[in-house]
Each structure stands twice: as C-alpha cells, then as structure tokens.
Amino acid sequence: MRLVASDIDGTILGHDGKISPRTVRAFHACRDAGVELVFVTGRPPRWLHPLEEQLGHTGRVICSNGAVVWDLEADHLVSAQTLAIDAVLEIRRIIKELRPAALFAAETLTGFHLEPGFVENESSELLSQFTPAPLRDTLTADDAVVKFLAIVREGTPDDFLAEVAPAVEHLAAATHSSPGVPMLELSLPGVNKAVTLAKYAAALGIDAADVVAFGDMPNDIEMLRWAGQGYAMASGHPEAIRAAGQQAPHFDDDGVAQVLEERLAGLRVQRS
C-alpha cells in the first residue's frame, strides 16, 4: 500500500457533512506511515472544504470525476479536460429528445450555470449564490465545462443512465453518483476517475498494484477496477460492489477506517 485513493461522499463523508474521528485518525496514520493520499471525487474544487477543515489535507485532489486536478495548498488548477460548448448544447438536445422534462446545469472552471427548475429546493445553501438562467444565455465560448449535469424527476438514476449513455457516447462519458435522484454527470469522452488517478500515480512512480482505492457509486467503478486493491463500500451501489475486487464494511461502521487500520497493521508487521 503506497497510495490510498478515496472517494468522498458516501465513502468517508456522510449526509451531515462530517468525516468520523476514526476515519480521520486512519488517514493521519497513513500519512505517518509514509503512504500517499489522494482524494478522487465528483465534487468541484469549491466544495473541497471538508478535506481541509476536517482532515487537514493540503495535497492534490482529483475533482469532477477526473476532469480536474486541483492543488489545495496553492489553491489553483493543475489540469483540466473540458467539453466544448457546442458539444454541451448537442448533448442537451439529444437528452431533451429522450426526456423532454430533463433540466440541465454546467460546471465550469469559473462557476456553475443552472437552468430554472434544476434545483427543486431553491434554498439549497451550496447553490444559492447562482442565479438560474437558460444555458444558451449564460454559457459562452470562453467557458470551459468540466461536468455537464442532467436531471429528471421520475424514474431511477440507473434507468436514466442506461437510456442516455449510449445516445451521447460519441460526445460524452456519462455516469451517476446519486443513490436516489436521477441525475447524470457527463464529461469529455474517455475521462473518468481511473484515467486521471493512473496518471497521478504514475507521476509518483506508483504502480496500480500498490494502490488501495475506496468508492461507493457508479462513478467509482473504473477506479475500483483499476486499483490493485479496490474496495467498494458495503453500503454502496450494487454495480460498484460487483466491480470492486473487495468490499469494505458499511459506511456507518467506518468501513474505510477498518480497512486502513488492518492494512497499516500489516505494513508494520512487514517492516518489523
């Protein structure tokens, strides 16, 4: 175990926005043992504060499902893979034909653009700073879209993904990370957590065999398959569990911490 790569939401972070003390201790113990840490998330850079405030993490973070690498310590962009505006609008058109009631939002390197109605609860604290408006009116050729979002109000996320993914695969890679809300996350074709994590690990001289990865949802599948030791949370999506080589205990039981504690104990035995 030379590198630990972990998803955030549903893997180490709960709905209450908290990382458990046991999980925090386990990550600190990894650092103390000389194990590299990287967090790999669907979140944009502006929503990484739990890592800084609760873990004291100051390294790089792979964001937006692999489309962005962000340096927390310097607070600046390292790299980005973006969708062209023409592609975004064409993806929107295709999805609208399939699901006329779909609504959309675009995550860019400089902000967030959302259509009226995209957020049901207009008091959402995380999105309250953004004013809904038609994407054609707010997106410009200078905007670099790292993640395009599509949401509907009926059906399941899995059904929505199965319908849309093949229809837009020439324009975007589609996935989802929601356990209940039918919302899709679309990125540049070929971009996912595993691709960017593999580049990050290679830059450190670390092979996939020496990477331990944790995740819980379909947007983690490629990463869990790529890592030498991929752990899906027992509380995770069935597809993620099937994709991973191993299973971590339930999120509520500090599953990531349990696995890391066991692996660190094994490292200490090997070194002694």
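In helix α1, five residues are named as buried: T23, V24, A26, F27 and C30. The model is predicted. Their placement follows a pattern. These residues span an arc of only 160° around the axis, so they lie on the same side of α1. The general geometry helps here. An α-helix makes a turn every 3.6 residues, so residues three or four places apart point the same way.

Now turn the helix around. P21, R25 and D32 sit on the other side of α1, and they are exposed. One side of α1 therefore carries the buried set, while the other side carries these exposed residues.

Next, the helix itself. α1 runs over residues 21-32, which makes 12 residues. From its first C-alpha to its last, α1 reaches 16 Å. That is close to the 16 Å expected at 1.5 Å a residue. Just after α1 comes G34, with a positive phi of about 85°.

C30 leads on to the cysteines. C30 belongs to the buried residues of α1, and its relative accessible area is 0%. The structure nevertheless holds 0 disulfides. Why is C30 not bonded to C63? The sulfur of C63 is the closest cysteine sulfur to that of C30, but the separation is 20 Å, too far for a bond. A disulfide needs the two sulfur atoms within 2.5 Å.

The view from C63 matches. C63 takes part in no disulfide, and its nearest cysteine sulfur, in C30, is 20 Å away. C63 counts as buried too, because its relative accessibility is 0%. The cut-off for buried is under 20%.

Conventions:
Residues numbered from 1 in each chain as written. Predicted model: local features only at pLDDT ≥ 70, side-chain atom pairs only at ≥ 80, totals over all residues. Heavy atoms only, no water. Buried < 20%, exposed > 50% of the residue type's maximum accessible area, 1.4 Å probe, protein only. Helix = DSSP H or I, 4+ residues; strand = E, 2+ residues; numbered from the N terminus. Expected span 1.5 Å × (residues − 1). Arc of directions from axis to C-beta.
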